Amino acid sequence: MTAITAELTVVLTFALLTAVAATFLRDVLNAIIAFAAFSFGIAVAWLLLAAPDVALTEAAVGAGITTVFFLVTIAKTVRPGGERLFEPIAWRSVAVVAVLVGALLTTVRSLPAVGAVNSPVATSRITEYYLGNAYDQTGVENAVTAVLAAYRGFDTLGEATVVIAAGLAVLLVLRQEAYV
Amino acid sequence: MSSADQNRTYVESTIIMTTVRVVAPFAFTFGLFVMFHGAESAGGGFQGGVIVAAAVLLLAFAFGIESTRAWLEGPLARAAIAAGGAAFTVIGLGAVAANGAFLEYEAYNLGKTGVKYGIELVELGIGAIVSGVLVGLFFSLARGDFESVNGSDADGQGGEQP
């Protein structure tokens with residue numbers, strides 16, 4: 001319990017620092033690399049919170065594919081020149097962000113502790129039902145997959161349709177019929 | 001087939017090419033594993049599809065985007081997207097045909113393993129959709145700036161044909 005809290009603190013501090021770096025680095029390439037490091041930190045945080053499915057998604061999408069897409073995008077744009085390493089700080093924007101962060105931080109106190117057994121998610125009857133019946137009803141050991149593909153299969157079909165529609169729309173807009 | 005030397009931003013690097021030659025098969029296999037094994041361990045079609053697409057993108061970064069595009073020539077990505085969506089829908093409708101509800105895997109009457117295989121097929125379909133969309137998106141985004149002058153002329157900036 002304390003060990004995981006300490007690990008989480010280290011990982012989230014790393015994520016926070018890389019996020020700040022991604023914000024203030026002037027060169028877009030540096031910012032993209034810092035952003036990939038941020039995604040990696042968040043992925044490790046998910047892993048520590050015992051959510052490997054989400055961690056895998058965050059690592060593959062956030063640290064992997066998104067970084068490559070960003071790289072391809074900046075290769076087609078102009079990088080700002082100059083000697084400075086960091087952007088000048090816009091204090092008005094910092095004030096707005098500080099107010100938003102402060103508002104969000106007020107909700108942190110009402111969150112359950114990490115790994116708390118009496119948190120609403122752990123005690124919910126729906127959670128108990130899925131964890132208790134998923135293997136018997138679907139033969140699938142990963143309850144997340146059971147919910148996604150069996151209990152909520154229709155929702156997942158909708159998501160797949162969204163991915164197809166969005167992908168085809170973007171590919172058509174880019175007018176690259178040969179490789180759609 | 002345009003030569004890699006014509007790409008403005010592509011620099012042939014022995015280190016990167018050798019590293020990718022070693023890593024890419026493992027990345028690709030791991031992507032397929034995540035896709036197939038999503039029922040027993042963490043992962044699933046979405047994550048596996050992204051990793052498979054990332055393996056293709058690795059090849060593109062190491063060996064040049066145009067060479068990889070030429071290697072993937074044809075309707076591969078398009079076919080993967082369509083086949084994935086079709087597989088998902090057909091599995092759903094097949095259950096209806098077998099007097100069940102839409103996507104009710106039990107209706108196939110293959111027992112618990114049947115349900116599991118249905119779920120795994122659905123995951124494979126999702127993986128095909130995701131990897132197809134991402135690979136297609138990457139090569140569409142990378143088109144133009146990275147390709148030879150001849151290629152972009154042939155594509156035609158002013159061409160209005162649909």
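**How the labels are earned**

Visitor: What makes a residue count among the 24% of chain A that are buried?
Guide: This is a predicted model, and buried residues make up 24% of the 180 residues in chain A. A residue earns that label because 20 or more other C-beta atoms lie within 10 Å of its own.

Visitor: How do you know how chain A compares with a compact globule of 180 residues?
Guide: The globule rule takes 2.2 Å times the number of residues to the power 0.38. For 180 residues that gives a radius of gyration near 16 Å, but chain A has 21 Å. So chain A does not have the radius of gyration of a compact globule. Along its principal axes, the C-alpha trace of chain A spans about 60 × 50 × 25 Å.

Visitor: Which elements does chain A have, helices or strands?
Guide: Chain A has eight helices and zero strands, and its elements run α-α-α-α-α-α-α-α from the N terminus on.

Visitor: What share of the contacts in chain A with a separation of 6 or more comes from residues 24 or more positions apart?
Guide: That share is 48%. Each such pair counts because the C-beta atoms lie within 7 Å.

Visitor: How many residues does each chain bring to the contact?
Guide: Chain B gives 47 residues and chain A gives 36 residues. On the chain B side, helix 2 (45–63), helix 4 (76–97) and helix 5 (111–142) each supply at least two residues. Helix 5 of chain B gives the largest share, 19 residues.

Visitor: What classes make up the side of chain B that touches chain A?
Guide: That side has 28 nonpolar, 11 polar and eight charged residues.

Definitions and conventions:
Residues numbered from 1 in each chain as written. Chains lettered and ligands numbered in written order. Predicted model: local features only at pLDDT ≥ 70, side-chain atom pairs only at ≥ 80, totals over all residues. Contact = placed C-beta atoms within 7 Å. Helix = DSSP H or I, 4+ residues; strand = E, 2+ residues; numbered from the N terminus. Nonpolar A, V, L, I, M, F, W, Y, C, P; charged D, E, K, R; others polar. Buried ≥ 20, exposed ≤ 12 C-beta atoms within 10 Å, placed from the backbone.
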